[in-house]
Amino acid sequence: MKKLLLLALTAVSLSVSAQNSASNKAISAKADALQDKIIAWRRDFHEHPELGNREVRTSGIIAKHLKSLGIEVQTGIATTGVVGILKGGKPGPVVALRADMDALPVTERVPLPFASKVKTQYNGNEVGVMHACGHDSHMAILMGVAEVLAGMQKDLRGTVKFIFQPAEEGAPAGEKGGAEQMVKEGVLENPKVDVIFGLHINSQTEVGKIVYRPGGTMAGVSDLQITVKGRSAHGAYPWSSIDPVVVSAQIISSLQSIVSRNVNVTENPAVVTIGVIQGGSRFNIIPESVKMQGTVRYFTEYDEKLVTDNVRRIATKTAEAYGATAEVMLPYSNHYPVTFNDVALTAKMLPSLEAAAGKENVMLRPPVTGAEDFSFFQQKVPGLFFFLGGMPKGGNSITAPSHHTPDFYLDESGFTLGVKALCNLTLDYMASPKSK
């Protein structure tokens, strides 16, 4: 009896595998046929970038495309977000796919015919606007995925939610936005999402490659602000002051001991960085206060508490030792959880990524100390977030321009691999026995 059961299960497994192989080949052909359209969409978004919660033109193009495919469309979610719902012809799970839409306040230096020349106001200053993180490619890829899957609607074993998210880089001051706000507004409900997949292109990973990590893949992050208050005096008479500049210098130096002497870096990395120091108005005046801003990053709840508790202790006690005071705001304005790939889901879907790129082109990567608000979706449902190569073949990953810089550059030939990977993940998850 056991032998018959084993044979039956093996037959089912082989049948599913054969079906998946056939669908993967069909997806590959459809994605390749869409390459020119995907590149054209990406170039249009790149030439007309919009900052977070301002993606009006962008969301309009996306909504129009989804509607043209017969997909149910919802707009205005979390200010400018767009959600498309594609109901398959057969019952099954709800799979969400996410792309972010916002650009950055960066002036482009890359000499492309479709380079951004857009300028806008940001924090009271005129700035250039650029897709310096690849969100333009994410949108174009997901639009391609929507077109492929819409053409297979009657055969889909479930429902697909296409989530186009604003303000991944953070909402403007005084506004709410991003993945956290989309979750609050019910983007994972009606219908209820079972699993979510997302990708991020990487300018320092060779085109044609996919890299991933189970568990903590991108850091949790909090920004911080420390205000040191002392006593002002003439620069010629420092003994009359309680110098907040000197106190701040001591605090900054001492903060570096948190990672080097408190965090077990053999298990997980952590970061404490001060990026802004503001204090004083004239060379010979010791100011009354100094303000510092920075970021802390971590991969576990334990390390988050360890790092943040130590930042507060070092800042306040160092100031106290000098007769000053330090006010610590941590987090100050934003907090993203760890981008955590569900371990079982990652193992289950790894063959889908390998089918898209080839097993030799899918690689495990170390944790990334950058952060992603995709993590807010993963707090609610199992998720898998992976990285797609965007560096020209033969490039140097060390010298290739990094994200968030004026020279950021992507090889467009790798975009269709993103389409294939997301389509494979969707169809394979829907076809898996536990997902029916």
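This passage describes salt bridges and the setting of one strand, β19, in a predicted model.

We turn to the charged pairs to begin with. Side chains of opposite charge can pair when their charged atoms come close. In this model, 16 salt bridges are found. One of them joins the side chains of E412 and R43, with 2.8 Å between N and O. R43 sits in helix α2 (residues 35–47), whereas E412 belongs to the loop between β19 (383–391) and α11 (415–431), so this pair ties together parts that lie 369 residues apart in sequence. The two partners can also be described by their accessibility. E412 is buried, at a relative accessible area of 12%, a value that falls under the 20% cut-off. R43, with 35%, is partly exposed. The contact also belongs to a wider arrangement, as R42, R43, D136 and E412 are linked in a network of salt bridges.

Two further salt bridges can be set beside this pair. K154 and D155 form one of them, their closest N and O atoms lying 3.4 Å apart. Here K154 counts as exposed, at 64% relative accessibility, while D155, at 43%, counts as partly exposed. Another salt bridge brings together the side chains of E320 and K317, at 3.8 Å from N to O. Both E320 and K317 lie in helix α8 (residues 301–321), where they are three residues apart, about one turn of the helix. E320 is exposed, its relative accessible area being 53%, just as a value over 50% requires.

The strand that precedes the loop of E412 deserves a closer look. Nine of the nine residues of β19 are buried, so the strand is largely enclosed by the rest of the structure. Its residues point in two directions: G383, F385, F387, G389 and M391 face one way, and L384, F386, L388 and G390 the other way, with all of them buried.

Strand pairing adds to this picture of β19. Strand β7 (residues 195–206) runs parallel to β19, and eight bridges join the two. Among the residues involved, E206 has M391 of β19 as its bridge partner. Strand β8 (residues 210–212) pairs with β19 too, in the antiparallel sense and over two bridges. In that pairing, V211 finds its bridge partner in F387 of β19. F387 and M391 thus appear again here, both being among the residues that point one way from β19 and are buried.

Note on methods: Residues numbered from 1 in each chain as written. Predicted model: local features only at pLDDT ≥ 70, side-chain atom pairs only at ≥ 80, totals over all residues. Heavy atoms only, no water. Salt bridge = Lys/Arg side-chain N within 4 Å of Asp/Glu carboxyl O. Helix = DSSP H or I, 4+ residues; strand = E, 2+ residues; numbered from the N terminus. Buried < 20%, exposed > 50% of the residue type's maximum accessible area, 1.4 Å probe, protein only. Pairing = 2+ DSSP bridges.
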